[in-house]
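Reader: I have a new structure on my screen and would like to learn how to read it. Could you take me through it, starting with the overall fold?

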Amino acid sequence: MRTAFVKALTEAASKDIRIMLLVGDLGFGVVTDFAKRFPKQFLNVGVAEQNMAGVAAGLALSGHVVFTYSIANFPIIRCLEQIRNDICYHEANVISVSVGSGFCYGALGMTHHGTEDIAMMRSLPGMNVVSPGDPVEAKAATEYLAQGIGPAFLRLGRAGEPVVHEQDINWQFGKAIKVRQGRDVAVIATGSMLKRAVDAAAILHQKGLETTVLSMHTIKPLDTEAVLEVIDTTPMVFTLEEHSIFGGLGGAVAEIVAEHGTGQSRFKRIGLPSVFTKHVGDQDYLLKQYRLTAETIAEDILCTYFNK
């Protein structure tokens with residue numbers, strides 16, 4: 001996703017001089033070409049993410065569309081006050097880009113885990129939250145956000161994520177993408193969990209369950225219509241995310257489920273518990289510990305479905 005983002009941003013910057021990229025003294029393996037091509041549209045603020053958010057707000061209020069770029073929770077949690085007061089309060093065109101969400105930087109420990117960011121950003125007034133499921137969605141999201149739509153959070157994986165959408169997609173801001181159609185269960189996935197949702201659906205097919213898979217790439221504003229459709233037409237609905245089950249995609253969908261008042265569909269959140277992990281390892285290892293592999297996701301869905 002990271003590479004897809006940088007390529008799309010570079011292309012957008014070549015056509016729009018308003019676009020600027022601010023980094024916190026990292027990412028040079030992927031942003032070097034951007035910096036060389038557009039020196040007046042690039043700024044390394046240093047290891048000072050709070051300042052980066054403040055500078056970005058000032059540039060945005062001067063007419064720029066500004067992307068801030070750092071890893072995991074550094075561009076989010078470290079400068080949450082500046083995002084709230086400087087960016088959101090002033091409705092500034094600043095896109096806070098987090099590369100390496102969830103457990104992407106797993107072996108570096110909880111300081112480098114981005115597992116609460118959706119909840120924090122979703123709660124901020126005026127903030128838009130986008131979490132692409134593969135490089136194709138990341139490219140489309142970047143192109144859209146580069147137009148300048150106000151405050152936004154772009155939550156990306158690290159590198160090497162597989163392409164889920166092998167064909168052209170109709171990516172629309174705030175509209176889920178139906179990746180697979182089924183009648184028995186529905187899985188609403190976001191971010192890195194999209195591929196695992198598709199793979200879990202293939203396993204469930206072998207077990208006799210047909211699964212609808214929705215890519216919920218935009219978490220705020222959420223596609224309420226798509227959520228209500230699966231609630232009203234599918235016996236069991238799951239959300240799937242590499243994020244705490246509190247306040248993220250699962251929380252957003254749960255709010256709709258509760259307010260909709262349906263008694264026809266059961267609902268369950270699949271994600272991370274609200275803990276600081278005691279395990280040490282890479283992303284795949286940590287996801288396995290928390291039963292977020294395609295195989296364990298399918299097992300959980302089967303168990304819940306047949307014990308309904």
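Author: Happy to! Keep in mind that this is a predicted model. A good start is the secondary structure: the protein has eleven helices and twelve strands.

Reader: How compact is the protein for its length?

Author: Here we compare the radius of gyration with a rule for globules. The protein's value is 19 Å, close to the 19 Å that the rule gives for 308 residues, so the protein is as compact as a globular protein of that length. Its C-alpha trace spans about 60 × 40 × 35 Å along the principal axes.

Reader: What share of the residues is buried?

Author: Buried residues make up 57% of the 308. As for contacts with a separation of 6 or more, 77% join residues 24 or more positions apart.

Reader: And what should I look for inside?

Author: The general idea is that nonpolar side chains tend to be buried together in soluble globular proteins. In this model the largest nonpolar core has 38 residues, and Phe5, Leu21, Phe67, Tyr69, Val97 and Leu154 touch the most other members. Elements giving two or more residues to this core include α1 (2-15), β3 (65-71) and β6 (152-156). The largest share, six residues, comes from α1.

Reader: Which residues does leucine 154 contact, leaving aside its neighbours within four places in sequence?

Author: Among them are Phe5, Ile95, Val97, Val130, Ala141 and Leu145. There is also a second, separate core of 37 residues, which includes Met52, Ala60, Leu222 and Val230.

Reader: What about the outside?

Author: The accessible surface comes to about 13000 Å², and 51% of that belongs to carbon and sulfur atoms. For charge, compare mean positions: those of the 28 positive and 32 negative charges are 2 Å apart.

Technical notes. Residues are numbered from 1 along each chain as its sequence is written. This is a predicted model: local features need pLDDT of at least 70, side-chain atom pairs count only at pLDDT 80 or more; totals for chains, interfaces and linings use all residues. Side-chain values use heavy atoms; hydrogens and water are left out. Helices (H or I, at least four residues) and strands (E, at least two) are DSSP runs, numbered from the N terminus. The radius of gyration is taken over C-alpha atoms; the globule rule is 2.2 Å times the number of residues to the power 0.38. Buried means under 20% relative accessible area, exposed over 50%, partly exposed in between (1.4 Å probe, protein chains only). Contact means heavy atoms within 4.5 Å. Accessible areas come from the Shrake-Rupley method with a 1.4 Å probe; for residues, only the protein chains shown count as cover. Lys and Arg count as positive and Asp and Glu as negative; His and the chain ends are not counted. The place of a charge is taken as NZ of Lys, CZ of Arg, CG of Asp or CD of Glu. A nonpolar core is a set of buried Ala, Val, Leu, Ile, Met, Phe, Trp, Tyr and Cys residues joined through side-chain atoms within 4.5 Å.
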